[in-house]
Number of protein chains: 2
Amino acid sequence: MFVTAQAASRFEQLLAGVAVPVHIVTERAAKALSETVTPVGLVAVCEPVSVALEDILAARPRLLVVGVAIGEPGNAGTLIRLSHAMGAAAVVLSGQSVDPYNGKCLRASAGSVFAIPVAVTPSAAQAVAAASACGLQSLAAAVDGEVTLDDVEPQLSAPTAWMFGGEAHGLSAEVAALADRRVRIPMPGGAESLNVAAAAAICLYLCARAQRKSADD
Amino acid sequence: MFVTAQAASRFEQLLAGVAVPVHIVTERAAKALSETVTPVGLVAVCEPVSVALEDILAARPRLLVVGVAIGEPGNAGTLIRLSHAMGAAAVVLSGQSVDPYNGKCLRASAGSVFAIPVAVTPSAAQAVAAASACGLQSLAAAVDGEVTLDDVEPQLSAPTAWMFGGEAHGLSAEVAALADRRVRIPMPGGAESLNVAAAAAICLYLCARAQRKSADD
């Protein structure tokens, strides 16, 4: 770990429990290392946690999140944080998605990237096919989906893989067609779409709730 | 409007319908004007749309969004976009919130800042008191809320003002205490919190849905 003098005193208790070597660095070095203008002053060198899609599916997930071509690091990190909060088993980043260990993605994930398995796989089609073979229904969030979130709510307690597309264009029609259903979120206001984090928050919350209630019964 | 030559040809149809003077500018000027590295090439000078809280409340809103100390422009813009999508009557930015006409906020709002009334008011307490005097219940999204979103769902069809705090700390205990209830979002996973956009997406979606269903009955 690399720690500024100020951070060393501020996080004294936290650092007392650290089992790896801690080196004091300058503010300037902390800025460069953390790629931020106002660094907290704590930087750790970590091994990327590499998880294979097969291992995720072998654990029979009930809620899986598949990001497709999520290019914006903030969106990818927020999706990981959200998936973790909602109790998803794992996140799969497919297509031309950002590296989950990108600095901005790491920060937006607020640590969740180390708490929930994140698999990286080039093909969204293969990910959805593999999930399907494991008995998960696949739902794609799409502004022009043929069913609404209200329509599918009774089915959300079943094991589900949710697909979300990147910010600018959402899922391509070709990728959305891979899912069992394309689901649109009712928007009573006039906005054309939601950003991916907002859309995913709504879909994952309702799915987690349906699965929780079904487990309670 | 200031338009690059490339944008002028790309958005020819759109510009044909514009009733204000259009000036061609260089890519470099467009970059500076739009404060982005890869500008679309269309910049318009607009008058800020100033809306007073009293005018918003006089229209008897059923769903009002009160942001408190939303300092991060991306979060403020996303909150505005989301409020618009969910059919909220207006957004009130209170406390030390960012200027809704900040460039980053404008972009994150994806145009919604021009489609939904946004009032700026220094005091969250006054905003909540005024909403309450107009018959709206006030609900504060808070990680340590005394009720869950499940608990309050039956009450969400009533006219409601939702309060959301800024990213780093959420609502202060003092501000959260202003609301009729503090509502926590069930998080079956281990994450400590959601970012403000995700939390607001979930709360506003459920509230809009309850109000829609109640109107259908």
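Here is a short walk through the structure shown above, from its overall layout to one small sheet. This is a predicted model, in which local features need pLDDT of at least 70, side-chain atom pairs count only at pLDDT 80 or more, and totals for chains, interfaces and linings use all residues. Residues are numbered from 1 along each chain as its sequence is written, while chains are lettered from A and ligands numbered from 1 in the order in which they are written.

Let's start with chain A, which is divided into domain 1 (2–43) and domain 2 (53–216); such bounds come from an automatic or database domain assignment. The centres of domain 1 and domain 2 of chain A, taken over C-alpha atoms, are 34 Å apart.

How do the two chains relate? A turn of 180 degrees and a shift of 0.0 Å along the axis lay chain B on chain A with an RMSD of 0.0 Å, superposing by least squares on the C-alpha atoms of residues with pLDDT of at least 70 in both copies. That is the relation of a two-fold axis. The same surface serves both copies, as 100% of the contact residues of chain B recur in chain A; contact here puts the C-beta atoms of two residues, placed from the backbone, within 7 Å.

Now for the sheet in chain B. Its three strands form an open sheet in the order 2-1-3, with mixed pairing. Strands are DSSP runs (E, at least two residues), as are helices (H or I, at least four), numbered from the N terminus, and two strands pair if DSSP finds at least two bridges between them. The edge strands of chain B are strand 2 (23–25) and strand 3 (42–43), each pairing on one side only. Strand 1 (residues 2–4) of chain B runs antiparallel to strand 3 of chain B, joined by two bridges, and Phe2(B) stands opposite Val43(B) in strand 3 of chain B.
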